Amino acid sequence: MPMKSTMRSFKYDYMGLDAESIKYSMANRLEYEVGKDLHTATDRDWYNVTAYAVRDRLMERWMETMRTYYREDAKRVYYLSLEFLIGRTLSNSLLNVGIQNECEQALHDIGLNLEEVRELEPDAALGNGGLGRLAACFLDSMATLGIPSYGYGIRYEYGMFTQRIENGHQVEHPENWLRYGNPWEFPRPEVLYPVKFHGRVVEYPDETGQKRYHWVDADEVMAMAYDTPIPGYNTNTVNNMRLWSAKATRDFNLKYFNEGNYIKALEDKNESENLSKVLYPDDTTAMGRELRLKQQYFFVSASLQDILRRFQKAHYHFDKLPDKVAIQLNDTHPVLAIPELMRILMDLHGLPWGRAWNITVRTFSYTNHTLLPEALETWPVKLFEEMLPRHLQIIYEINHHFLKDVMHQFPGNFDLLRHMSIVDEDNGKRIRMGHLAVVGSHKVNGVAALHTLLMKSSTFADFERFYPGKIVNKTNGITPRRWLHHANPLLSNLITSRIGDEWTANLDELKKLAPLADDPVFRDEFRAVKRANKERVAGLVKKHLGIDVNPDAMFDVHIKRIHEYKRQLLNVLHIITLYNRIRFNPGAHVVPRLVIFAGKAAPGYAMAKLIIKLINDVADIVNNDPAIGSRLKVLFVPNYNVSTAEDLIPASDLSQQISTAGTEASGTGNMKLALNGALTIGTLDGANVEIREEVGEDNIFIFGLTAQQAEELRRNGYNPWDYYHGNQELKQVLDMIGSGYFSPDEPDLFKPIINALTHSGDHYLLLADYASYISAQERVAELYADPQEWTRKAILNVAHMGKFSSDRTIREYAEEIWDVKPVKITLEQRTEGKKVKQK
């Protein structure tokens, strides 16, 4: 990057928000923080300098936000999540503080390009999929709305993995996102808490004769805090994300070191610090499962110690805890917080059971994200006995009191007791974390209307009967700042030019676009934006993957975690069907289509990894068949992350949301794609149901069985062979996969896929939905051939996405679950540089 030697020719307010002050701040940071000058600074130094300069402008707001919360004794929300998929921080901070143009100008004056600087920031590898991205959107909305809040999680040294595609296979490599440090975080070595594991429990009477318990002879790991500021949009509020890193209680054993046994000297340190090493260790092994449970307890124990320390600064009686603290459990991963709070209140502070339980239930609320049995965590009792013996005792006691209440309400119903018990006695004695979450929380929410209905009618039906009103719906949302304003600046600018910029904080404003769907000029401008975004993606694909992409083709996008229920495989069946139709009728008119896949499979999920291999092998055959030409192409984009999503989503024409009805809790990719003008092809699953209600059934392509129909089909005896023999096109597609057409060197490679779809019963009903899916795709192609009508429907999708803002979701949580009020943050007026707006 060329640089101009103009850094010292001015002097401005160090904290000003104008370009000249930012430039002055960069000069200061380059010299005093990075220790370089213009001649020795590298590209990465300039990224760090830019990050420091922007971060500095958050500090005054951050400090004042924290002071105001203490001064007003505000009730705070603590969002506990094992994932926070925040993506890149620089872009988000520039946008929310409102200094993107000024920073771009400052860098330009130095001879640098903001876009090139931004590209040097790695995505923070703190999550994997929708769970973590939702948590990140919620942090943004809470700060934007002025909700006093903290995010708590783990500072993973390595992400899940970096995905590379080698010979069509997913290959996992370490994701060392902290290799070059992280300029956005603040290490807090003074914020250090001990976390115990193993040991034994000693029972003793207190001075009144009451039984008390002491957890002794335990191993200890230290949890050290790292803080990251989370700025709200166009506001002075800057909240905190606090992540925990595992530290050993001692660095090494000097005795072993002096004896020359250097490996043994560091053994305890390495074992302790493995806790925060990797996101989601492979749980196909006993050691992996133990490490995952340890991670969950590690972060909830440290978080609760921190929360209670903050509470006790101003309050002496724990009875006030639910009035000042709301803890949201994001899925079952943090549910150990329930018995942990009980342990702290009873064992460390001497509260009796009834009082401690009342406080605990009123403090916690739980978000359920799935109805899939494998995702509703259960843990072997034996593992609890060894690792968390006191918590097992408390869970047994919670279960005892709970089942006694159930028995009083439903006397003699022993089957009900067995189904509702927190301890599963039928499958090797396991702790049901979902059950514990429901029993120990005052509110439980689903994340889409259908998902919540299914929670009440199936998975948690007994709990709905026992706790009427406890289970409520809070449909997920996304932050429009990240997913439209930042990710799609061309469309953002077009929208703002027509309806103003209030939509960034109030997404319902997009309804003003609806009349413009019938404006030919606006349609042309909208289509030009989409074309420009597609050209940009085509350039990125050529640059990084060496593949030529036709921007005139329909961009048919399927980007999400690879899982059988998400049915990437059904999409592959359609691709092969199209391939066969073109081969057998080469003269037919076909709408050119580029099918784009992206997503990671869990390292231990063999079937998902085999589906990735199939996608790539099909792509190899289709893309290189001269009879197909440019009419059909297939692309798998490796290492899908937030930044990749920000590239692909604005360029998408068709959004694939095709999970089996009744399996996807909500989905947020469907919202992001529709907000950026992609039309949805999908089942009536998750939030697709509500998207159809908002955009209108004429502006979405719905196909397949409903959740009720799917359940009835299974109940009546679903036979996939009936569909195989009853549909010649489907039979041909499956025979091609099974016979090795796409894997000639390994003809039997994909036999497990065919067996899963036939002999094993086709659990996710791909064959049952195949014909309906193909028919819906034919309607897609027909509409895409009419650019004016396609664009009109795309505009209407954008116009009716107001409901799906995470701001709306957070307002509902704050008012109906947390009982938390926004707090206004006011800063003193600056006297130099650009003045801070007063809020």
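The dialogue below explains how to read several features of this predicted model.

Reader: What should be known about the numbering and the kind of model before reading the values?

Author: Residues are numbered from 1 along each chain as its sequence is written, and side-chain values use heavy atoms, with hydrogens and water left out. This is a predicted model, in which local features need pLDDT of at least 70 and side-chain atom pairs count only at pLDDT 80 or more, while totals for chains, interfaces and linings use all residues.

Reader: At what angle do helix α10 and helix α12 pack?

Author: Two packed helices are described by the angle between their axes and the distance between the axes. Axes are lines fitted to C-alpha atoms, for helices over the stretch in contact, and angles run from 0 to 180 degrees between N-to-C directions. Helices (H or I, at least four residues) and strands (E, at least two) are DSSP runs, numbered from the N terminus. Here α10 (residues 286-312) and α12 (residues 337-348) pack at about 45 degrees, and their axes are 10 Å apart. That makes α10 oblique to α12; angles under 35 degrees count as roughly parallel, over 145 as roughly antiparallel, 65 to 115 as roughly perpendicular and the rest as oblique.

Reader: Which residues make the contact between α10 and α12?

Author: Contact means heavy atoms within 4.5 Å. From α10 come Y297, V300, S301, L304 and L308, and from α12 come A337, E340, L341, R343 and I344. These residues divide into seven nonpolar, one polar and two charged. In this grouping Ala, Val, Leu, Ile, Met, Phe, Trp, Tyr, Cys and Pro count as nonpolar, Asp, Glu, Lys and Arg as charged, and the others, Gly among them, as polar.

Reader: Is α12 mostly covered or mostly open?

Author: Buried means under 20% relative accessible area, exposed over 50%, and partly exposed in between (1.4 Å probe, protein chains only). Eleven of the twelve residues of α12 are buried, so the helix is mostly covered. Among them are P339, M342 and D347.

Reader: How is the span of a helix checked, as in α22?

Author: The expected span is 1.5 Å times one less than the number of residues. For the 26 residues of α22 (residues 520-545) this gives 38 Å, and the end C-alpha atoms are 36 Å apart, which agrees. The twelve residues of α12 should span 16 Å, and their end C-alpha atoms are 15 Å apart, again in agreement.

Reader: What covers the buried residues of α22?

Author: The buried residues of α22 include F522, F526 and V541. Their cover includes α21 (489-499), β17 (554-559) and α32 (766-784).

Reader: Which residues does L594 contact, and is L594 buried or exposed?

Author: L594 is in strand β18 (residues 593-598) and is buried, with a relative accessible area of 5%. Leaving aside neighbours within four places in sequence, L594 is in contact with V549, A553, M554, F555, D556, K633, V634 and L635.

Reader: Where do N167 and D331 lie, and what is the sign of phi in each?

Author: Most residues other than glycine have a negative phi, and most peptide bonds are trans. N167 has a positive phi, near 55 degrees, and is found in the loop between β3 (162-166) and β4 (169-173). D331 also has a positive phi, of about 80 degrees, in the loop between β10 (325-330) and α12. At 65% relative accessibility N167 counts as exposed, whereas D331 is buried, with a relative accessible area of 8%.
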